[in-house]
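User: Hello! I am new to this structure and would like to get to know it step by step. Could you walk me through it?

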Amino acid sequence: MKKHIAHSILELAIVSEGSTFGETLQHSLELAKVAEANNYKRYWFAEHHNSASVGSSATSLLILYVAENTSKIRVGSGGIMLPNHSPLIIAEQFGTLAHLYPNRIDLGLGRAPGTDTLTAQEIRSDFMKAAHSFPAEIEKIEHYFSNSNSTGKVRAPIAEGADVPIYILGSSTDSAHLAARKGLPYAFASHFATDHLMSALKSIGKSSNLLI
């Protein structure tokens with residue numbers, strides 16, 4: 001029996017030589033439309049900063065751009081680099097996207113800054129503290145998406161009960177162990193950390209789904 005393998009695309013919006021950012025983002029949309037027409041399952045944007053050759057810095061906006069101009073392909077983050085952001089704001093943004101595009105939005109969360117150290121500090125002065133608190137920051141997001149937070153003192157009402165699958169991203173076994181403990185799907189960065197792939201597979205075992 002032939003097993004169906006779902007294919008997806010991780011997009012960095014690479015700026016080709018001689019191209020502008022505007023042209024690059026238009027090409028990203030065109031690629032998403034081709035992916036949808038060929039029954040690809042997901043189209044995820046990465047988050048990178050301080051790079052003249054990468055256009056995927058405002059991840060949530062690009063998700064909105066592609067979701068608005070496609071009809072069925074899932075669109076999400078591969079990922080939101082959580083130490084750069086407030087968990088409350090991310091919950092509000094993705095809760096909003098989930099209401100605008102039901103059953104189509106994915107939230108992949110990573111621990112790395114997606115940039116150099118100096119830029120990371122400019123984005124968030126307490127970046128290192130937030131990076132070390134990555135498991136707790138994920139729990140905050142889960143809490144904001146939970147209906148049980150409807151009586152909380154700090155809420156993201158638009159996110160409460162929203163259908164937004166959460167994925168943990170990583171390139172080592174640390175995040176794989178975290179995904180396994182939490183029972184969350186794990187997306188492994190096999191495109192640049194191939195040597196750690198088998199270790200990550202062993203780390204998650206059967207407790208999490210794996211995207212490669």
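Analyst: Gladly, and let us start with a term: a residue is called buried under 20% relative accessible area, exposed over 50%, and partly exposed in between. Please keep in mind that this is a predicted model.

User: With those cut-offs, is N50 buried or exposed?
Analyst: N50 is found in the loop between β2 and α2. Its phi is near 60 degrees, a positive value in a residue other than glycine. The relative accessibility of N50 is 61%, and the cut-off for the upper class is over 50%, so N50 counts as exposed.

User: How many helices and strands does the protein chain have?
Analyst: The protein chain has 212 residues, of which 46% count as buried. Among its contacts with a separation of 6 or more, 67% are between residues 24 or more positions apart. Its secondary structure comes to eight helices and seven strands.

User: How far apart in space are T119 and N50, C-alpha to C-alpha?
Analyst: T119 has its place in helix α4, residues 117–123, and counts as buried because its relative accessibility is 15%. Setting aside residues up to four places away in sequence, T119 touches H49 and N50. T119 and N50 are 69 residues apart in sequence, while their C-alpha to C-alpha distance in space is 6.9 Å.

User: Is A13 buried or exposed?
Analyst: A13 lies in the loop between β1 (8–11) and α1 (21–37). Like N50, whose phi is a positive value, A13 has a positive phi in a residue other than glycine, here near 55 degrees. The relative accessible area of A13 is 1%, so A13 is buried.

User: Which residue in strand β2 has a C-alpha 4.9 Å from that of I9?
Analyst: The residue in question is in contact with I9, E11, S28, L31, A32, V66, I73, R74, V75 and G76, leaving aside its neighbours within four places in sequence. Its relative accessibility is 0%, so it counts as buried. It is 34 residues from I9 in sequence and 4.9 Å away in space, C-alpha to C-alpha. Found in strand β2, this residue is Y43.

User: Which residue of β3 is the bridge partner of F45?
Analyst: Strand β2 (residues 42–45) and β3 run parallel and are joined by four bridges. Strand β3 covers residues 74–81, and eight of its eight residues are buried, so β3 is largely enclosed by the rest of the structure. In β3, the bridge partner of F45 is S77.

User: What is the omega of the peptide bond from G78 to G79?
Analyst: G79 is found in strand β3. The peptide bond from G78 to G79 is cis, and its omega is near 5 degrees.

User: How are helices α3 and α6 oriented to each other?
Analyst: Two packed helices are described by the angle between their axes and the distance between the axes. For α3 (residues 87–100) and α6 (residues 134–145), the angle is about 45 degrees and the axes are 9 Å apart. The crossing of α3 past α6 is right-handed. An angle of that value falls outside the parallel, antiparallel and perpendicular ranges, and therefore α3 and α6 are oblique.

User: How many nonpolar residues are in the contact of α3 with α6?
Analyst: On the α3 side, the contact is made by P87, L88, I90, A91, F94 and G95, and on the α6 side by E137, K140, I141, Y144 and F145. These divide into one polar, two charged and, as the number you asked for, eight nonpolar.

User: And how are α2 and α3 oriented to each other?
Analyst: The axes of α2 (residues 59–68) and α3 come within 11 Å and cross at roughly 0 degrees. Angles under 35 degrees belong to one class, so α2 is, relative to α3, roughly parallel.

User: How many polar residues are in the contact of α2 with α3?
Analyst: S60, I63 and L64 in α2 meet Q93, F94, L97 and L100 in α3. The residues of this contact include five nonpolar and no charged, and the polar ones number two.

User: Which residue takes a positive phi just after α7?
Analyst: Helix α7 covers residues 173–182, and its buried residues include S175, A176, L178, A179 and A180. Just after α7, a positive phi of about 70 degrees is taken by G183.

How values were computed: Residues are numbered from 1 along each chain as its sequence is written. This is a predicted model: local features need pLDDT of at least 70, side-chain atom pairs count only at pLDDT 80 or more; totals for chains, interfaces and linings use all residues. Side-chain values use heavy atoms; hydrogens and water are left out. Axes are lines fitted to C-alpha atoms, for helices over the stretch in contact, and angles run from 0 to 180 degrees between N-to-C directions. Helices (H or I, at least four residues) and strands (E, at least two) are DSSP runs, numbered from the N terminus. Angles under 35 degrees count as roughly parallel, over 145 as roughly antiparallel, 65 to 115 as roughly perpendicular and the rest as oblique. A crossing is left-handed if the near helix is turned anticlockwise from the far one by less than a right angle, and right-handed if clockwise. Contact means heavy atoms within 4.5 Å. Ala, Val, Leu, Ile, Met, Phe, Trp, Tyr, Cys and Pro count as nonpolar, Asp, Glu, Lys and Arg as charged, and the others, Gly among them, as polar. Buried means under 20% relative accessible area, exposed over 50%, partly exposed in between (1.4 Å probe, protein chains only). Two strands pair if DSSP finds at least two bridges between them.
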